Amino acid sequence: MKQRVKVRSLFISDVHLGCRYCKAEELLELLKHYQPDTLYLVGDIIDGWKMKKNIYWTDTYSFILRRIIGMMKAGTKIYYLTGNHDEFLRHFTPQQFGHLEIVNEVIHESVDGRKYLVIHGDIFDQFTKNAKWLYHLGDWAYVTALW
């Protein structure tokens, strides 16, 4: 295997592991090629909504998790930011497990010193907060369209 490219930060969002239609193979290929100092997993990495109904898990999903653990072992700081599909993790925030930190928000500082708030956008979605049934209906329609 070629040497991994060292990068300062890598941001990944809305993977939806547990959903049949996530792009797991593509994500695994991406993760194989990079070794970030900091990895930001910006919400909906695991799709708790789908897995609550029935568990769909492939070897590729497990390889992704193993690669992320490998990054941690190599010293990568990982922020797992909660989203609406993995909201079950919000009950545990903030929580730190070595190089892994589960949070609702974090500040990223760029090379030139600018600071950015990193969050999952569901906190601005009124459907998520006030009409979850409508949100689930939209999610069902999306999955049906993919099928």
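## Reading a predicted fold, residue by residue

User: What does the protein chain expose, and which atoms supply 59% of it?

Analyst: About 9200 Å² of the protein chain is exposed, and carbon and sulfur atoms supply 59% of that area. Please keep in mind that this is a predicted model.

User: How many helices and strands does the protein chain have, and in what order do the elements run?

Analyst: There are 5 helices and 7 strands. Starting at the N terminus, the order is β-α-β-α-α-β-β-β-β-β-α-α. Buried residues make up 41% of the 147 residues. Among contacts with a separation of 6 or more, 73% join residues 24 or more positions apart.

User: Let's look at Gln35. Why is Gln35 called buried?

Analyst: Gln35 has a relative accessible area of 12%. Buried means under 20%, so with 12% Gln35 earns the label. Gln35 lies in strand 2, which spans residues 34–42. Beyond residues up to four places away in sequence, Gln35 touches Arg4, Val5, Lys6, Val7, Arg67, Met71, Ala74 and Thr76.

User: What makes the meeting of the Gln35 and Arg67 side chains a polar contact?

Analyst: The two side chains come to 3.0 Å. A polar contact needs N or O atoms within 3.5 Å, one able to donate a hydrogen and the other to accept it. The distance of 3.0 Å falls within that limit, so the pair of Gln35 and Arg67 counts.

User: How do you know that Arg67 has no salt bridge?

Analyst: The nearest side chain of opposite charge belongs to Glu29, and Glu29 is 10 Å away. A salt bridge asks for a side-chain nitrogen of Lys or Arg within 4 Å of a carboxyl oxygen of Asp or Glu. With Glu29 at 10 Å, that condition is not met, so Arg67 is buried without a salt bridge.

User: Which backbone oxygen atoms does the side chain of Arg67 reach?

Analyst: The side chain of Arg67, a residue of helix 3 (residues 59–73), reaches the backbone oxygen of Tyr34 at 2.8 Å. A polar atom of the Arg67 side chain also lies 2.9 Å from the backbone oxygen of Leu31. Leaving out neighbours within four places in sequence, the residues in contact with Arg67 are Arg4, Leu28, Leu31, Lys32, Tyr34 and Gln35.

User: Lys32 is on that list. Is Lys32 buried, partly exposed or exposed, and why?

Analyst: Lys32 is partly exposed, because its relative accessible area is 28%, and partly exposed sits between under 20% and over 50%. Lys32 belongs to helix 1 (residues 24–33). The C-alpha atoms of Lys32 and Lys2 are separated by 9.4 Å, and these residues are 30 apart along the chain.

User: Gln35 also touches Thr76. Why is Thr76 called buried?

Analyst: Thr76 has a relative accessible area of 1%, and the limit for buried is under 20%, so Thr76 qualifies. Thr76 is in the loop between helix 3 and strand 3. Its side chain and that of Gln35 are joined by a polar contact of 2.7 Å. A polar atom of the Thr76 side chain lies 2.5 Å from the backbone oxygen of Pro36. The C-alpha atoms of Thr76 and Thr38 are 5.4 Å apart, although 38 residues separate them along the chain.

User: And Ile55: why is Ile55 called exposed?

Analyst: The relative accessible area of Ile55 is 65%. Exposed means over 50%, so 65% puts Ile55 in that class. Ile55 lies in the loop between helix 2 (48–53) and helix 3. Together with Trp57 and Leu65, Ile55 forms a nonpolar patch on the surface with about 290 Å² of accessible area.

User: What is the phi of His16 and of Asp44?

Analyst: Phi of His16 is near 65°, a positive value in a residue other than glycine. Asp44 has a positive phi of about 60° and is not a glycine. His16 lies in the loop between strand 1 (5–12) and helix 1, while Asp44 lies in the loop between strand 2 and helix 2.

User: Why do His16 and Asp44 count as buried?

Analyst: His16 has 16% relative accessibility and Asp44 has 2%. The label requires under 20%, so His16 and Asp44 are buried.

User: Where is there a cis peptide bond?

Analyst: The cis peptide bond joins Thr93 and Pro94, with omega about -15°. Pro94 is in the loop between strand 3 (77–81) and strand 4 (95–97).

Methods: Residues numbered from 1 in each chain as written. Predicted model: local features only at pLDDT ≥ 70, side-chain atom pairs only at ≥ 80, totals over all residues. Heavy atoms only, no water. Helix = DSSP H or I, 4+ residues; strand = E, 2+ residues; numbered from the N terminus. Buried < 20%, exposed > 50% of the residue type's maximum accessible area, 1.4 Å probe, protein only. Lys, Arg positive; Asp, Glu negative; His and termini not counted. Contact = heavy atoms within 4.5 Å. Patch = residues over 30% accessible without salt bridge, like charges linked within 9 Å, V, L, I, M, F, W, Y side chains within 5 Å. Areas by Shrake-Rupley, 256 points an atom, 1.4 Å probe, with all protein chains shown as cover.
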